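Got your viewer ready? Load the model and follow along, one selection at a time.

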Amino acid sequence: MKMKFGIKEVVATGIGTALFIVLTNVQVPFGIVPNTALQSRVAVITFFAAVFGPVVGGIIGLVGHALGDALFYGGVWWSWVFPDAVFGIAVGLFAAKYAIKEGGFCTAKTIVLFNIVQIVGNAIAWILVAPVLDIVIYAEPANKVFMQGVLAFIGNIVVAGVLGTLLCFAYSKIGAKSSGLKKED
């Protein structure tokens, strides 16, 4: 897999990171376990990773989450920053398969693939990486952090599945028309 990182990817990384930061405080708390909420910023990382690849997704997850935490909460919770980077990389690894820029995201097969990847990526990030890092870095109690991880996983698959899919679908329809790159089904 050849990864390209040119001016479009640099611009996408900047825009995606800025949007991710701005949306950090836009959330709906679950109210079940502390520090877990539905966050619309998940759609941003999902979309940019799916369109521009794993490097863009990873940077947005890492830098966007770290700066968002620092600006809005006064500190960075690294055990939750790294999972966003992992998620961005996971979704981005399949960017060529989604063919969003070419207008190929309009088939059921591609949308199903996208959602399988985002669910698996979220599972790895939030059910595995985040709780383990919480325990290792901050000595948090396992029962609490695994419950937080499961709730974050559920919330993120819903947001990525609905908003992320809609963003990718719309961009695939519009982007392919404007660039003349329509992929034949």
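**Start with the whole chain**

Turn on the surface: the protein chain exposes about 9,100 Å², and carbon and sulfur atoms supply 74% of that area (Shrake-Rupley method, 1.4 Å probe). Before going further, note that this is a predicted model, where local features need pLDDT of at least 70, side-chain atom pairs count only at pLDDT 80 or more, and totals for chains, interfaces and linings use all residues. Residues are numbered from 1 along each chain as its sequence is written, and side-chain values use heavy atoms, leaving out hydrogens and water.

Now show just the C-alpha atoms, which fill a box of roughly 50 × 30 × 30 Å along the principal axes. The radius of gyration of the protein chain is 16 Å, which agrees with the value near 16 Å for a compact globule of 185 residues (taken over C-alpha atoms; the rule is 2.2 Å times the number of residues to the power 0.38).

Switch to cartoon and you'll find 7 helices and 2 strands, running α-β-β-α-α-α-α-α-α from the N terminus. These are DSSP runs: H or I for helices, at least four residues, and E for strands, at least two.

**Zoom in on α4**

Select residues 78-92, helix α4: its 15 residues should span 21 Å at 1.5 Å a residue, and its end C-alpha atoms are 21 Å apart, which agrees (the expected span is 1.5 Å times one less than the number of residues).

Is α4 mostly covered or uncovered? Covered: 11 of its 15 residues are buried, meaning under 20% relative accessible area with a 1.4 Å probe, protein chains only. Pick out Trp-80, Phe-87 and Val-91, which are among them.

How values were computed:
Buried < 20%, exposed > 50% of the residue type's maximum accessible area, 1.4 Å probe, protein only.
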